[in-house]
Amino acid sequence: MLRVYADNAATTAMSPAAKAAMLPYFDEVYGNPSSPHSFGQAAAAALQEARETVARCLGAKADEITFTSGGSEADNQAILSAAAAGEKQGKRHMISTAFEHHAVLHTLQKLERQGWEITLLPVHEDGIVRVEEVRDAIRPDTALVTIMYANNEIGTIQPIAEIGAICREKGILFHTDAVQAAGHLHIDVAAQNIDLLSLSGHKFHGPKGAGVLYVRKGALRLQNLIEGGGQERGKRAGTENLPAIVGMAVALDEACKHLDQHTAYVTKLRDRLIDGLSKIPYARLNGSAEHRLPGNVNFSFPGVEGEALLLLLDSMGVAASSGSACTSGSLDPSHVLLAIGLSHEVAHGSLRLSLCHTNTEEEIDHILAVVPQVVQRLRDMSPVWKDMMKKEAV
Ligand SMILES: *Cc1c(COP(=O)(O)O)cnc(C)c1O
């Protein structure tokens, strides 16, 4: 049986080039980058090269790049550092959106418990924040605007450059969680007026456990989350995970070099999937069709239970997600789908298929053969669906 991996927004397979680039750093160049001897200096040189590569891909400078353990750590450190800087100026307000990743939302909630005021902007039915609403929410005591570059569940791309321009004009720090965008969309931190940006290696065919926090020079002093040695200019203690950092840099470089080519190919696959799945009765595409990540497909099928849908699809060779991988296992419907106005019932019957450049036309055929069949089967068994049809409540 064909087995199709369509969950690339959760994590990706390692690129062969990135994997090969990592291998020497386990047992050939294994020195500690902080050691002054030749073993250490060889490692330090590789670390610096990775820093320069990542910087080049983002339009940044090497000394603006801090390596972290992933996207979650970068998000936490960006927000908590902006909070520390804000406190010093008597500012205790932040602006974000209702559909951020939990690494952002839970950090903001932590600040809220410490007396901060948090404005969560709506993202409307199309899953896009309005630039004018960002402008209107800014107050004299606003310390940070943090808005994700592209959403991990519905793939919608936010007007980052416009938001960056407003924040720069008002002199307010702007952070973006670009974990879903890095390696998939063109990013230029200077042109887009981004002060802080998070990314994660395993979302663009790099290894898990490596990420980046970009901080524009002079924008703010990073607070360390982890105390210890002086690694990463004293902002992130702990011996660097050099194999993963090297692998991440190679994967990002590769993704950026092939970005246009991969975008054209993956968009074609995506649009075939969207066209085909739209034919399922009462199917609803979640999020803007236009401002959307090349690989993201997200549908709701009223009358269908998401967990059952995933299990049946998996048994028929399709690995997908019904929301964020981090929330599966809980019965709460996705906060992202609620934020775009779906009812609890409809949000529960949602399906995310996330593609990458290694998916094939044959795999899309398989998904298109399997999903309509599974949706029909679940609806035939569902008392909720029968009830909805009777009341014409779809
Ligand atoms: C995956 C993801 C994260 C978390 O990144 P990790 O490296 O897994 O910690 C944060 N934000 C978004 C939007 C993500 O998709």
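**Entry 1: the ligand shell.** I looked up which element contributes to the shell around the ligand, and found that helix 4 (residues 71–88) gives the most, with three residues. I note that the model is predicted. I then sorted the shell by residue class and recorded two nonpolar, eight polar and three charged residues. Of the 13 residues around the ligand, I listed those that come nearest: Ser72, Asp177, Gln180, Ser200 and Lys203.

**Entry 2: polar contacts of the ligand.** I searched for protein atoms that pair with ligand oxygen atoms. For Ser200, I found an N or O atom of the side chain 2.6 Å from an oxygen atom of the ligand. For Lys203, I noted a polar side-chain atom at 2.8 Å from a ligand oxygen atom. Gly71 takes part through its backbone, with an N or O atom 2.8 Å from an oxygen atom of the ligand. I also looked up the area of the ligand: taken alone it exposes 380 Å², of which the protein buries 86%.

**Entry 3: Thr12.** I located Thr12 in the loop between strand 1 (4–5) and helix 1 (16–22). Is Thr12 buried or exposed? I entered Thr12 as buried, because its relative accessibility is 5% and the cut-off for buried is under 20%. I next traced its side chain, which reaches the backbone oxygen of His202 at 2.7 Å and the backbone nitrogen of His205 at 2.7 Å. Leaving aside residues up to four places away in sequence, I recorded that Thr12 touches His202, Lys203, Phe204, His205, Gly206 and Lys208. I marked Lys203 in this list, since I had also entered Lys203 for its polar side-chain atom 2.8 Å from an oxygen atom of the ligand.

Technical notes. Residues are numbered from 1 along each chain as its sequence is written. This is a predicted model: local features need pLDDT of at least 70, side-chain atom pairs count only at pLDDT 80 or more; totals for chains, interfaces and linings use all residues. Side-chain values use heavy atoms; hydrogens and water are left out. Helices (H or I, at least four residues) and strands (E, at least two) are DSSP runs, numbered from the N terminus. Buried means under 20% relative accessible area, exposed over 50%, partly exposed in between (1.4 Å probe, protein chains only). A polar contact is a pair of N or O atoms within 3.5 Å; within protein, one must be able to donate a hydrogen and the other to accept it, and residues adjacent in sequence count only if both atoms are side-chain atoms. Contact means heavy atoms within 4.5 Å. A residue is near a molecule or strand if one of its heavy atoms lies within 4 Å of it. Accessible areas come from the Shrake-Rupley method with a 1.4 Å probe; for residues, only the protein chains shown count as cover. Ala, Val, Leu, Ile, Met, Phe, Trp, Tyr, Cys and Pro count as nonpolar, Asp, Glu, Lys and Arg as charged, and the others, Gly among them, as polar.
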